Amino acid sequence: MRKLTAEEQSNIINVLEKKEIIYKDLQDELFDHFSCAIEDKWQEDATLSFTEVFHDEYKKFGIFGLPGVLEEREKSLSKHYIKVFLKLCLEWFKLPKIILSLFVIVAMIFTFRETYGLYVFKALTTLYLLFTVYSLILKMYKRKTHKESIVYLLDKVIYQQSFMNAFFIYIIPQFYTATPNFNKPITAILIALIFFFAFQFNYFSFYYIPKNRDKCFKQYYKIAN
Amino acid sequence: MNKKLYKGSLQTIILKLLEKEEKMYGYQICKAVKEMSNNEIKITEGALYPTLHKLEANEIIEVELKKVEGRTRKYYKLTEKGIEETVNKTEELKAFIENMQIFLNPNPKLI
């Protein structure tokens, strides 16, 4: 039975990469599909040229072609991965971390209510903004210089979710410029909660989720022997 | 064969195949549908893979990777949620067919 040569296999991979099928799982799946389809065709007629058979099989992907398959996969699985991350983060909140978190929030509320509360608030805001912007720039730099590579769609979603910190980058300076009145307890409670979630989200998006990337991957893909 | 008639049934076809075969890969599913229907139904790859990925995202099917002849092959199999969904989809399709029968074999008194 006629099999694909190494050069023919490379041709298939090159076409997949030209069509931006860069995620390894999707690339492997489509490579396997084309390989099976071409080798099956050769079982019927081994004299058919590789180019001709590959072209016929490629046309079967319809008018939207491979980019259509990629787009649909990104749409379906991105939402799913976000749910996986949310579940992962909620699992983090176990005893004694819940008690520790409540302690931190209460400590912030009492600190803001002190006479020096406004200065602590401004210091925390500056620290948060500097750290978050620096982390995001570092992430973009590592991505651009391929120090952090995106192998699977999961890696892309991990990379993209870190930019959701932009929400807190926008919200927190609103309070900074408004110079909040901490005499009202509700203001201290609100800002303490916002800071807690901002720093917590920072921790999850820049550290905890990337650290558990392999755990998410193994939950998703079972590797058979 | 009018492809639009089969478009809405693609998920049900895939789930029924996986119910029967336990696990299958994408090309195998395409080929099985073609052979079982005597070439009457041909699933386009552009429709098959998005459907499989959608089922994967909804946790109706799960994935197993296996090395075969130097390639990584992605097998799909039903989850527990998928087994229930297969029953639901089958019932829906049966009800659809029964309702269409009313129009294909109408009661003469009604016309």
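How many of the nine residues of helix H7 of chain A are buried? That was my opening query today, and I kept in mind that I was working with a predicted model.

**Entry 1: helix H7 of chain A**

I looked up residues 153-161 and found that helix H7 of chain A is mostly covered, with seven of its nine residues buried. I then listed the buried ones: Leu153(A), Leu154(A), Asp155(A), Val157(A), Ile158(A), Tyr159(A) and Gln161(A). Next I asked what covers them. I noted that the cover of the buried residues of H7(A) includes H2, H4, helix H6 (117-144), helix H9 (185-211) and helix H10 (213-220) of chain A.

**Entry 2: Tyr207(A)**

From there I moved to helix H9 of chain A, where I found Tyr207(A). Is Tyr207(A) buried or exposed? Neither label fits: its relative accessible area is 44%, and I call it partly exposed because that value falls between the 20% and 50% cut-offs. I also checked its separation from Ser162(A): the two are 45 residues apart in sequence, and their C-alpha atoms are 9.7 Å apart in space.

**Entry 3: where chain A meets chain B**

I turned to the contact between the chains, which takes 28 residues from chain A and 25 residues from chain B. I read off a buried area of about 2,500 Å² between chain A and chain B, with 54% of it on carbon and sulfur atoms. Which residues of chain A lose the most area to chain B? I got Glu29(A), His33(A) and Lys222(A), which together make up 23% of what that side buries.

I then went through the polar side of the contact. I have seven salt bridges between chain A and chain B in my notes. One that I looked up joins Lys3(A) to Glu69(B), with the closest N and O atoms 3.3 Å apart. For polar contacts between the two chains, I wrote down 13 residue pairs, both residues being at pLDDT 80 or more.

As for the elements of chain A that touch chain B, I found that helix H2 (24-44), helix H4 (65-92) and strand E1 (221-223) each supply at least two residues. The largest share, 12 residues, comes from H2(A). Sorted by class, this side of chain A has 12 nonpolar, five polar and 11 charged residues.

**Entry 4: Thr86(B)**

My last stop was helix H5 of chain B (residues 80-104), which holds Thr86(B). I count Thr86(B) as buried because its relative accessibility is 1%, and the cut-off is under 20%. Leaving aside neighbours within four places in sequence, I found Thr86(B) in contact with Leu15(B), Lys16(B), Glu19(B) and Leu78(B).

Terms used
Residues numbered from 1 in each chain as written. Chains lettered and ligands numbered in written order. Predicted model: local features only at pLDDT ≥ 70, side-chain atom pairs only at ≥ 80, totals over all residues. Heavy atoms only, no water. Contact = heavy atoms within 4.5 Å. Buried area = accessible area lost by both parts, 1.4 Å probe. Salt bridge = Lys/Arg side-chain N within 4 Å of Asp/Glu carboxyl O. Polar contact = N/O pair within 3.5 Å; in protein donor to acceptor, adjacent residues only side chain to side chain. Helix = DSSP H or I, 4+ residues; strand = E, 2+ residues; numbered from the N terminus. Nonpolar A, V, L, I, M, F, W, Y, C, P; charged D, E, K, R; others polar. Buried < 20%, exposed > 50% of the residue type's maximum accessible area, 1.4 Å probe, protein only.
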